[in-house]
Amino acid sequence: YYGGAYHGWADNNGHLYNCTSSDGTTWTVGAEAIAMGATDEWDAVTHSRASEVRVSATEWHMWFGGAGKYDWNIDNGGGGNMGIGHATSTNGVSWVKDSPNLPLQDLGGYGSFGGTGAPGTWNEHRNYAMSVVYDANSFSGDGGASLFKMWRSGKNDDTGEYTIGYAGPAPVVLPDTTTYHPIEGRRRFE
């Protein structure tokens, strides 16, 4: 709940939409939240299964699944399983994908665009359906200290097994010696 409204995001037919509600019961579907990638990008065909976090009034994060036209799963009924992208917003409505627009490499780094796991790993064929949580106190030392923690699904088609994996960011020390724990684009966090 923020700014007098509840905020949500709907996944429908390969697109993610902004939704709002004044009472948490009746929802209005708004504009598409994340634009599809260009024809040759990893998320050119579908977006799905978003996880959003509001850090402050002007800092929002969204992680989302995606797939492109060359991914095997599109023709076989799969959705946004080929990687996890990241976007930010200053208001929870207008989203900007990381630049360059690539799936998070540190969740796998393999596959047609680097969004799945290495051959033989638990997420070799799918890396998707993430859930991210935030704690301004870095979870008070419960587990690895970090502002964000992510759990996501993966699949290895050779074994037929679906698995849930955990990702938490490695700390980054900024020049002023402040430690910041990012979980967004191209930073190591598994």
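**View 1. Asn 13 is found in the loop between strand 1 (6-12) and strand 2 (15-21).** This first close-up comes from a predicted model, as do the others below. Strand 1 and strand 2 are antiparallel partners, joined over seven bridges. Among the facing residues, Asp 11 stands opposite Leu 16 in strand 2. The two strands make a hairpin with two residues between them, and there Asn 13 takes a positive phi near 50°. That sign of phi is worth a pause, as Asn 13 is a residue other than glycine. Is Asn 13 buried or exposed? With a relative accessible area of 70%, Asn 13 is exposed, because the cut-off for that class is over 50%.

**View 2. The whole chain sets the scene with one helix and twelve strands.** Reading from the N terminus, the order of elements is β-β-β-β-β-α-β-β-β-β-β-β-β. The chain has 190 residues, and 44% of them count as buried. Among contacts with a separation of 6 or more, 46% are between residues 24 or more positions apart. The accessible surface of the chain is about 9,100 Å², and carbon and sulfur atoms hold 51% of that area.

**View 3. Strands 8, 9 and 10 form an open sheet of three strands in the order 8-9-10, with antiparallel pairing.** Strand 8 and strand 10 are the edge strands, each pairing on one side only. From one strand to the next, the twist averages 20°. As a reminder for this view, strands of a sheet pair through backbone hydrogen bonds, either parallel or antiparallel. How many bridges join strand 8 to strand 9? There are seven bridges between this antiparallel pair. One place to look is Tyr 128, whose bridge partner in strand 9 is Ser 153.

**View 4. Strand 9 and strand 10 form a hairpin with four residues between them.** In the turn sits Gly 160, with a positive phi of about 75°. Strand 10 covers residues 161-167, and seven bridges join it to strand 9 in an antiparallel arrangement. Follow the pairing along the hairpin and you will find Lys 155 opposite Tyr 162 in strand 10, as well as Arg 152, whose bridge partner in strand 10 is Gly 165.

**View 5. Arg 152 lies in strand 9 (residues 148-156).** Strand 9 is mostly covered, with eight of its nine residues buried. Where does Arg 152 stand on the scale of accessibility? Its relative accessible area is 0%, so Arg 152 is buried, the limit being under 20%. The side chain of Arg 152 has a partner to look for: a polar contact of 3.2 Å joins it to the side chain of Asn 127.

**View 6. Ten residues make up the largest nonpolar core.** They are Val 53, Trp 63, Ile 84, Leu 104, Met 130, Val 132, Leu 147, Phe 148, Met 150 and Ala 167. Which elements give two or more residues to this core? The answer is strand 8 and strand 9. A second, separate core has nine residues, including Trp 42, Trp 60, Ala 87 and Trp 95. For background, nonpolar side chains tend to be buried together in soluble globular proteins.

**View 7. Ala 129 has a positive phi of about 50° although it is not a glycine.** Here the residue in question is found in strand 8. At 26% relative accessibility, Ala 129 counts as partly exposed, because this value falls between the limits of 20% and 50%.

**View 8. Ser 146 lies in the loop between strand 8 and strand 9.** Its relative accessibility of 1% is under 20%, so Ser 146 counts as buried. Turn next to Tyr 134, which is twelve residues from Ser 146 along the chain. The C-alpha atoms of Ser 146 and Tyr 134 are separated by 8.4 Å.

**View 9. The peptide bond from Ser 99 to Pro 100 is cis.** Its omega is near 5°. Where along the chain should you look for Pro 100? Pro 100 is in the loop between strand 7 (95-97) and strand 8 (126-134).

Key. Residues numbered from 1 in each chain as written. Predicted model: local features only at pLDDT ≥ 70, side-chain atom pairs only at ≥ 80, totals over all residues. Heavy atoms only, no water. Buried < 20%, exposed > 50% of the residue type's maximum accessible area, 1.4 Å probe, protein only. Contact = heavy atoms within 4.5 Å. Areas by Shrake-Rupley, 256 points an atom, 1.4 Å probe, with all protein chains shown as cover. Polar contact = N/O pair within 3.5 Å; in protein donor to acceptor, adjacent residues only side chain to side chain. Core = buried A, V, L, I, M, F, W, Y, C linked by side-chain atoms within 4.5 Å. Pairing = 2+ DSSP bridges. Axes fitted to C-alpha atoms, helices over the stretch in contact; angles between N-to-C directions.
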